[in-house]
Every structure is written in C-alpha cells, then in structure tokens.
Amino acid sequence: MPSFPPPDSVTICEINRDLITAESLSDDRAHDTYGKILGMVFSPISFQADLLSPTGEKQETHDQGRPHGEGTESYGLLKTLQSFASDYISRIFHPNHVNLLPEVDFKGVSWHQHKHIIAFISGPDQVTVRDYEDSAKDACILTCESQRDVKVLEFRPNGGKSLSVACKGGICIWAASYPGNAASVRSGAALSLGTLSRGSGARWTLVDFLQSDNEEQISALSWSPDGRYLASGSYESSSFTIWDAAQGVGTPIRRGLGGISMLRWSPTGDYFFSAKFDGTFYLWETNTWTSEPWSSTNGFITGATWDPDGRMILIAFSGSPTLASVHFASKPPSLDAHLLPVDLPEIISLTGSQGIEKVAWDGSGERLAISYKGGYDAYKGLIAVYDARRTPLISASLIGFIRGPGDSTKPIAFSFHSKFRQGPLLSVCWSSGFCCTYPLLFHSS
C-alpha cells in the first residue's frame, strides 16, 4: 500500500519505499531518520510565501545584491544559429498567456550540480540561497535593481557557484565571492553592483545582466549541460535566445507563432525541447539546430523533464490526467521519435484529482514527483512519489505522498538535486512559507 501521511503530520524522508512522517518540522527527527545515514540534515528554510503572487503580478520589494560568471569562448554554435535568424525576430504578444502562467511549471527551485547549495524564488524580486556546506546557518537574500518580477532560476553547470535568474527585461547572473577570491564581472558588462551578506562565508555578486529585447519578461531558462550556453524565452515572444555565456551575446531562434512556455536542454546536450502556449512543442537536435514540430490536443505543456540519458522526455499537458513520453528511436542527431502515454491511474482513482500540475524526475531516473490539481480534501496539496522504471518503456508505481508543513499548504515549486550521490533529493517550496528538502533513500533493485 502507498504511504499516506496523516492529516496533522509532515513528511521527513523516504526509507526504502516508506515515507516517514513526524508531528512537526524537526531537525532532531530528521537526524534520527536520514541524518545518521547521510551525515547531514537539510533544515527547512523559511520565507514570506504571501509575497509570491499566484498570478505573477508584481509587488514591490527593496534592497540590493550581486553575482559572478565564467565561460568559454565559442563561436561555432552561434554562427550556426545565426543562419536560422537572418531576419530580425518579430515579437507577438498574446495577452491570454499571462493568465496561463500560474499553470506552467516554472523552475522556482534549483540545486547546484555538485554542491549542497540550493536557491529558490522567495519573493517577486528576490532569491534565497542556502549553502548547507557552510557552517553559518543564515541563508543569503539576492536582490538588485535589475532583478524585477523573477520567474525562474537555474544554477550554471560547470560554472563555479553561478546562478542565473530570469526577470523583467533580462537575466541576472550571480556568483559567489570569497575573501581573496572575488567573482569577476564580464568584460564590457555595465552593472550597478551591490552586495548583501548575512553571516555567510560567501558574498554573492551580480556579474552580468543579459538584456532581453524590448524589455521582455524572461519566463523560461535552461543551461546547456556543459555550461557554455544559456537558452532563454518569454511568454511575450515567439522566439527563444541562445546566449554565449562568456561573451554575453545572444542569438534569437523562432519557430511558430505562440509565446514560449518552457525550455529544456537534454542532459547530454544533443537535444533541446521548446514548448509554446498554443499547444505546440519542438524537438531540436543541437548539432545543426534542426527541429521537428509536434502538436497536442490535450492543451499546452505544463511540465517537462528529461530522463538521465537524454533519450526520452516526460511531458505533462494542461488538459490530460496522464503523462506522455517522447522516445527517440535512434541516436543523435536523428529526430525520429515516438509519443507514448504513461499511465498514473492513482492520480484520478485515489486522489480524485483533475489532472497533473507539475512533474520532476531525479537524476538516477528512479524517482518521479508529481503534483496535481484539486482532488479529494484528504489528498489536496500533496506530492505523489513514484518508483520509475525505463526498461524499455517508462512505467511507474506509486510509493506514497509527501505532506508539507502548515494547514492547506500546497507545493509552489519543486526540483531534484541532479547529482546527489546518496540518492534522490527532492526540495519543495510550500505555500506555507517553507522550502523543505526530502532525501529519498532506498536500495536499488
């Protein structure tokens, strides 16, 4: 039977398909369950959840902060892309896209690829960063004048401690500085720098601001796995941009008419996924940047996540209670692929839900986290955790549910650490104002 958390409990972790609960959030309880195994405890981080508007409307904040950047010079990719972008990109704005934004799975939580550092959106204009390897308990708050209306964020792979934050008018690039080892600002970047540090050993510096055309609201981000290129898009535009991170130069690419809802680079870098609010999505191979268009009769895409090998991608649609998986039939750069349904019958039969909302897949490919719309009162606001198998097609069996802290709380955003060695590590920002981390520990069969 799947683990079900009692109504007045909070979930702590998974131990071999059993989701452990406690009466309240407690570092002592976490230490007694998973802390002895991992040698560390991921304490919850509190934030003012009421500042996060569910409709994406802006509320004013204050303060300043700053970041860093590294990169490698490469012109080959940009040269290839520019051949597809000879005409200046015309911008098409669809007002209804703004109303659909709350349904999209924005990446509001991100783990550093190799460190125990988490970042999450904690206000309309601010980001919170917590380094669990730092002896200081305090988290850092990153804010600056350029960082308005934050929608998504993502740590840069292989780029030191560097974080990209999508906001109104462009992308803030932050980096950690240490005494005697200051982060360097990209040459040619004109920035007004500020810092904010509360007891942490690292000071975060704003090292670059990648400016979007026409002050567009950036609402989609994805780094290439080698950290050389950053893809960005906006619900206000039908094109997305590939940035050379070292040069700060962007190349726009356009397919179709609808505004961009989501971008996902594959873990191997061979493929790239772009989705639009009109229900279409595109699979790209990144050698020549050729694409194949797909269309959906189940609404627009609300969530998408690649498997660890980059050979299939799981997709959630706004009008469907099941997931779909796109399998590539042969090796890159082939775009020959098949779309297959992935049944999650419990989402309807057990929870009474109206469909899938957000989806995340851990780096081992063995755990799948799903949030869903509505449902019976007892199941509202929970996250379903599945055991996933990929031999040869995707199958999933329900392990149980995660309950967050507080009454009537629900998940705002969640994400897995992509390379946590001891097992899947899921972090969730809850509407009650806590970012909680759940180790999912098990013996692989």
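In the predicted model, the second largest pocket has a volume of about 920 Å³. Its lining is made up of 37 residues, and those that lie nearest the centre of the pocket are Glu-154, Trp-265, Ser-415, Phe-416 and Ser-418. Two or more lining residues are contributed by each of the strands β4 (109-111), β8 (152-155), β12 (220-223), β16 (260-265), β20, β24 (356-361) and β28 (411-416). By residue class, the lining of this pocket divides into 18 nonpolar, 11 polar and 8 charged residues.

Strand β20, which is among the elements that line the second largest pocket, also belongs to an open sheet of 4 strands, arranged in the order β20-β21-β22-β23 with antiparallel pairing. Because β20 (301-306) and β23 (337-342) stand at the edges and each have a single partner strand, one side of each is left without a neighbour in the sheet. Neighbouring strands of this sheet are turned against each other by 25 degrees on average, direction ignored. Within the sheet, β22 (residues 323-328) and the edge strand β23 run antiparallel and are joined by 6 bridges, and Ala-324 stands opposite Pro-341 in β23.

A further antiparallel pair is formed by β18 (residues 280-285) and β19 (residues 290-295), between which there are 6 bridges. In this pair, Trp-284 has Ser-291 of β19 as its bridge partner. The two strands form a hairpin with 4 residues between them, and in this hairpin Trp-289 takes a positive phi near 55 degrees.

Key. Residues numbered from 1 in each chain as written. Predicted model: local features only at pLDDT ≥ 70, side-chain atom pairs only at ≥ 80, totals over all residues. Heavy atoms only, no water. Pairing = 2+ DSSP bridges. Axes fitted to C-alpha atoms, helices over the stretch in contact; angles between N-to-C directions. 1 Å grid on protein atoms, 1.4 Å probe; cavity = no way out; pocket = protein on both sides within 12 Å on 5 of 7 lines; lining within 4 Å. Points joined across faces, edges and corners; volume = space filled by probe spheres on them. Nonpolar A, V, L, I, M, F, W, Y, C, P; charged D, E, K, R; others polar.
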